[in-house]
Amino acid sequence: MTIDHLDARLVALLAAEPRIGVLECSRRLNVARGTVQARLDRMAARGVITGYGPDIDPAALGFDVTAFVTLHIRQVAGHVPVADQLALIPEVLEVHTITGGGDMFCRVVARSNADLQRVIDRIVDVQGVVRTESVIALDTPVPYRTLPLVRAAGG
């Protein structure tokens, strides 16, 4: 799906002020309220907009350590059973199947380096995980973002 300039402006406005209402969006973008609602509905239905919830900073919850863990798994049952078990570990924020030297890549958080060991031990305990390799993030100079993509796609 492609988005146009108005869609991009709408998403940018909501990203900057997530608590703004549809009516205020229509005023600021100088379009009808129905236009804003229809565009939001269309982008949500097509999976462009995937949520409206608050963004949470794990560090503000006491999870100061972020690590990236590469998993090597037994390929007998595939990735799905492993991913299902990883989803039960609260500190596992993302899981991706990958190409290259490993099979899966996870972003995890922990309260400390010692707590990270506990999280990795839980991951290794998942049936199908053979071994892991992990790296600890020292800083996040470019945090997760999608707004530049939205702007580029919207022209």
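UniProt, in an unreviewed entry, lists residues 3-64 as "domain: HTH asnC-type"; its positions are given here in the numbering used for this chain, feature names are shortened, and annotations may be inferred rather than shown by experiment. Over residues 3-64 the chain is 53% helix and 0% strand, and the C-alpha atoms at the two ends sit 36 Å apart. Keep in mind that this is a predicted model, where local features need pLDDT of at least 70, side-chain atom pairs count only at pLDDT 80 or more, and totals for chains, interfaces and linings use all residues. Residues are numbered from 1 along each chain as its sequence is written, and side-chain values use heavy atoms, with hydrogens and water left out.

**The overall build**

- The chain has 6 helices and 4 strands, where helices (H or I, at least four residues) and strands (E, at least two) are DSSP runs numbered from the N terminus.
- Starting at the N terminus, you meet the elements in the order α-α-α-β-α-β-β-α-β-α.
- The radius of gyration of the chain is 20 Å, while a compact globule of 155 residues would have one near 15 Å. That radius is taken over C-alpha atoms, and the globule rule is 2.2 Å times the number of residues to the power 0.38.
- Measure along the principal axes and the C-alpha atoms fill a box of roughly 55 × 35 × 25 Å.

**Contacts, surface and charge**

- Of the contacts in the chain with a separation of 6 or more, 65% come from residues 24 or more positions apart; a contact means heavy atoms within 4.5 Å.
- Out of 155 residues, 32% count as buried. Buried means under 20% relative accessible area, exposed means over 50%, and partly exposed is in between (1.4 Å probe, protein chains only).
- The accessible surface adds up to about 9900 Å², and 54% of that belongs to carbon and sulfur atoms. These areas come from the Shrake-Rupley method with a 1.4 Å probe, and for residues only the protein chains shown count as cover.
- There are 16 positive and 17 negative side chains, and the centres of the two sets lie 9 Å apart. Lys and Arg count as positive and Asp and Glu as negative, leaving out His and the chain ends; the place of a charge is NZ of Lys, CZ of Arg, CG of Asp or CD of Glu.

**Loops around the early helices**

- Ile 20 sits in the loop between helix H1 (5-16) and helix H2 (22-29), and Ile 20 is buried, at 14% relative accessible area.
- Skipping residues up to four places away in sequence, Ile 20 touches Leu 13, Leu 14, Cys 25 and Arg 28.
- Asn 30 is in the next loop to look at, between H2 and helix H3 (33-45), and Asn 30 counts as exposed because its relative accessibility is 69%.
- The phi of Asn 30 is near 60 degrees, a positive value in a residue other than glycine. Most residues other than glycine have a negative phi.
- Gly 51 belongs to the loop between H3 and strand E1 (65-73) and is partly exposed, at 49% relative accessibility.
- Gly 51 and Pro 18 are 33 residues apart in sequence, and their C-alpha atoms are 11 Å apart in space.

**Further along the chain**

- Arg 122 is part of helix H5 (residues 113-124), and its relative accessible area of 36% makes it partly exposed.
- Neighbours within four places aside, Arg 122 is in contact with Leu 88, Ile 89, Pro 90 and Glu 91.
- Arg 122 and Gln 85 are 37 residues apart in sequence and 10.0 Å apart in space, C-alpha to C-alpha.
- Ala 137 falls in the loop between strand E4 (129-136) and helix H6 (147-153), and Ala 137 counts as partly exposed at 27% relative accessibility.
- Beyond residues up to four places away in sequence, Ala 137 touches Thr 66, Ala 67 and Phe 68.
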